[in-house]
Every structure is written in structure tokens, then in C-alpha cells.
Amino acid sequence: MLMISVFSPWSESSNMARKSYWSAKKSDPHVLYQLSVQNVEQEEEFLSGTFEKLRGRKPLTLREDFCGTALSSVQFVKMGEGRQAVGFDLDTEVLAWGQKHNVDPLGADADRIHLQEKNVVSVTRKKFDICAAMNFSYFIFKKRNELLKYFECVYKSLNDEGIFVLDIYGGSEAQVVLEEKREVDEGFTYVWDQAAYNPIDNSVLNHIHFEFAKGPKMSRAFTYDWRLWTPQEVVETLAEVGFKNVEVYWELEDEDGEETGIYEPAKVVENQEGWLAYIVGCR
Ligand SMILES: C[S@@+](CC[C@H](N)C(=O)[O-])C[C@H]1O[C@@H](n2cnc3c(N)ncnc32)[C@H](O)[C@@H]1O
């Protein structure tokens, strides 16, 4: 990941030094987020690999919706000469951060990425090979007609070979109040806090906190007030706006039942307490 070289000064140092580097006061929440949440290498492989399988060529243009710090756009552009990406987000601060820390370091290639303060519920004049809405960001649309309107805008912003890729999570564990901690290799703890779940309308309130070896935690670094959509609801809404060959891509397991990071279209799968999948629709 791009940020590691900039923000990880401990490559030769001990694990203790690595752990004491981070604190709530000194750490940038965007750096912590990128290191703990995003895996843009794997994501780009899925985006480009799926496009290539479906269309028989490599993708050249990406519209990254809800782009945040635009790390996905950066990875997309880095993986192919002549590739271009456009990122949309409503948050001026996060866009400026992404421009400075992720896009500008690309040097001459930075020109191939354009970040715009823009609502994703917009049809663009430029038509794209791929539109991606990652890390469940479209869950902010809580009403079906809002989701439909957004999907319509994406549909109209793709070229004739364009595809739309979304991710989705779920399972029985997604429907309970819980806190899950994970040690991040770089030396801090990521906390996923499912603070509320309403079974009537499937709304959820989630927070991300970060904990450090010493000192106070960074509480509620990010908060998400979402509707937990189900794959079938998303598939049906995509089909309704005209997307074709809409498929849910489920993660394959190896012979020991371990995750492989490889996702394939699936119709029937074994129930799981927690899962993460992709949904792909074709123009
Ligand atoms: C969960 S973050 C996703 C960041 C990044 N795409 C990722 O994969 O980790 C959601 C982002 O969506 C932005 N956002 C929320 N509503 C939006 C809208 N209607 N149009 C554009 N951006 C929006 C927020 O400002 C925030 O940066």
C-alpha cells in the first residue's frame, strides 16, 4: 500500500518501537483507516480481472464513487499505462488529504486522476469502463428509491462495455451489537464497533475506533449510519434499472476452509455467520 513507505519509519526496528510509534494524539485517522481497512491491491485485481473476463480487454477508466482518500483510484492508475480515474466524494477535507498524500506523490501520473467534490447521485458526461462503490458506502441510501436513483446515475455514466462493482457484507453476526478487535501488522488495534441494529428496518450504526499500546484510544474515528442491504435486494434493484448479468461473487475457500481472496459468481452458498461479497452488474 502506498502509504506504508511514507508513514512507517520502523522497517528495521523492533516490534516495541513499532507499537509505541502510534498514539491517538500523533496518528492521522486516514492513515490508520488505509492501513487497517483497505486492501486496494486485492480490490484492483478483482475490478480489473472481472472486467477483463467479461469484456476480453483491460479496463482503462474508473469512476470511484465515495472515493474518500482515493487510494483505489491511485492503485488503478498505477496498474496500467494510459489508465484514468475520477473520484467523487462530498467531503472537501478527505479529498484534499487524498490529493496531497496519495495522488500528488504519483508525479506526472497524478494528472491521470481527477478528484471532485461531487454527489455520486450524478450522471457524468464522460462514460467509464468501471464504476466502483467500495466499503459498503452505498449503504448510506436507506430508502429503495434512493438506491434506485443512485444506480440509475451509475448506469447512465458507464460506456456500452461498462460494469458496476459494489461490495456487501452480512450474516447473522452483522445483525447483532458487538465489538471486534484486530491487531494491525503496523502495530495498532482496529476496533469494529456495531453499536446498534434495528431488525425492523435493518438500519445499523457502526463506528471504527483505534487503540494503541499506550495512551487513550482514538474513539469514533469514523461512524457509519447505514441500512444493511441484502444481496438479493441489491441484485433486484440493479436489474430494475437495466443492469444485465447481475451476479453475486462469493469468496472461494481452500481445502482447509480458509479464505482465498478469490471471488466467483455463485447462486447458492453455505450459510455463514459473517461474510463479505462483491456484486457486479453489466451495462
Ligand atoms: C466508507 S467511506 C469510503 C472510503 C473509500 N471509498 C473506501 O473504500 O474505503 C465513505 C465516503 O463516502 C462519502 N460520501 C457519503 N455520501 C456521499 C455522496 N452522496 N456522494 C459522494 N460521496 C459521499 C463520505 O464523505 C466518505 O468519504
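Let's start inside a hairpin: Tyr-197 has Val-204 in β8 as its bridge partner. Keep in mind as you look around that this is a predicted model.

**The four-stranded sheet**

That pair belongs to the contact between β7 and β8, two antiparallel strands joined by 9 bridges. The hairpin they make has 4 residues between the strands, and Asn-202 in this hairpin takes a positive phi near 60°.

Val-204 has a partner in β9 as well, namely Trp-226. Here strand β8 (residues 203–211) pairs with β9 over 7 bridges, in the antiparallel sense. The hairpin of β8 and β9 has 6 residues between the strands, with Gly-215 at a positive phi near 85°.

Now for the whole sheet. It is open, its 4 strands follow the order β6-β7-β8-β9, and the pairing is antiparallel. β6 (178–184) and β9 (218–227) are the edge strands; each has a single partner strand, so one side of each lacks a neighbour in the sheet. From one strand to the next, the twist averages 20°. Helix α3 (residues 29–36) packs on this sheet, where α3 touches β6, β7 (188–198), β8 and β9. The direction of α3 makes about 65° with that of β9.

**The eight-stranded sheet**

A second open sheet has 8 strands in the order β3-β2-β1-β4-β5-β12-β10-β11, and its pairing is mixed. Which strands stand at the edges? They are β3 (113–117) and β11 (259–266), each with a single partner strand, so one side of each is left without a neighbour in the sheet. The twist in this sheet averages 20° from one strand to the next.

The mixed pairing is easy to follow strand by strand. Strand β4 (residues 128–133) and strand β5 (residues 158–170) run parallel and are joined by 5 bridges. One residue to look for here is Cys-131, whose bridge partner in β5 is Phe-164. Strand β10 (residues 244–253) runs antiparallel to strand β12 (residues 275–282), with 4 bridges between them, and Lys-244 stands opposite Cys-282 in β12. β10 also pairs with β11 in the antiparallel sense, over 5 bridges, and Val-248 stands opposite Ala-266 in β11. The hairpin of β10 and β11 has 5 residues between the strands, and Gly-257 takes a positive phi near 80° there.

Towards the β3 edge, helix α6 (residues 92–103) lies across β2 (84–89) and β3. The angle between α6 and β3 is about 165°.

Here are the three hairpins described above, set out together for quick lookup.

| Hairpin | Residues between the strands | Residue with positive phi | Phi |
|---|---|---|---|
| β7 and β8 | 4 residues | Asn-202 | near 60° |
| β8 and β9 | 6 residues | Gly-215 | near 85° |
| β10 and β11 | 5 residues | Gly-257 | near 80° |

**Two helix pairs**

Two packed helices are described by the angle between their axes and the distance between the axes.

Take helix α4 (residues 40–55) and helix α5 (residues 71–78): their axes come within 9 Å and cross at roughly 60°. α4 and α5 are therefore oblique to each other, and their crossing is right-handed. On the α4 side, the contact involves Val-40, Glu-41, Glu-43 and Glu-44, which meet Leu-71, Ser-72, Gln-75 and Phe-76 in α5. By class, the residues of this contact are 3 nonpolar, 2 polar and 3 charged.

In the other pair, helix α7 (residues 144–156) packs with helix α8 (residues 231–241) at an angle of about 50°, and their axes are 9 Å apart. α7 and α8 are therefore oblique to each other, and the crossing is right-handed. From α7, the residues Arg-144, Leu-147, Leu-148, Phe-151, Glu-152 and Tyr-155 meet Thr-237, Leu-238, Glu-240 and Val-241 in α8. This contact divides into 6 nonpolar, 1 polar and 3 charged residues.

**Around the ligand**

How many residues surround the ligand? There are 17, and the closest are Phe-66, Gly-68, Asp-91, Met-134 and Asn-135. By class, the shell around the ligand has 10 nonpolar, 5 polar and 2 charged residues.

Technical notes: Residues numbered from 1 in each chain as written. Predicted model: local features only at pLDDT ≥ 70, side-chain atom pairs only at ≥ 80, totals over all residues. Axes fitted to C-alpha atoms, helices over the stretch in contact; angles between N-to-C directions. Parallel < 35°, antiparallel > 145°, perpendicular 65-115°, else oblique. Left-handed = near helix turned anticlockwise from the far one by under 90°. Contact = placed C-beta atoms within 7 Å. Nonpolar A, V, L, I, M, F, W, Y, C, P; charged D, E, K, R; others polar. Pairing = 2+ DSSP bridges. Near = placed C-beta within 6 Å.
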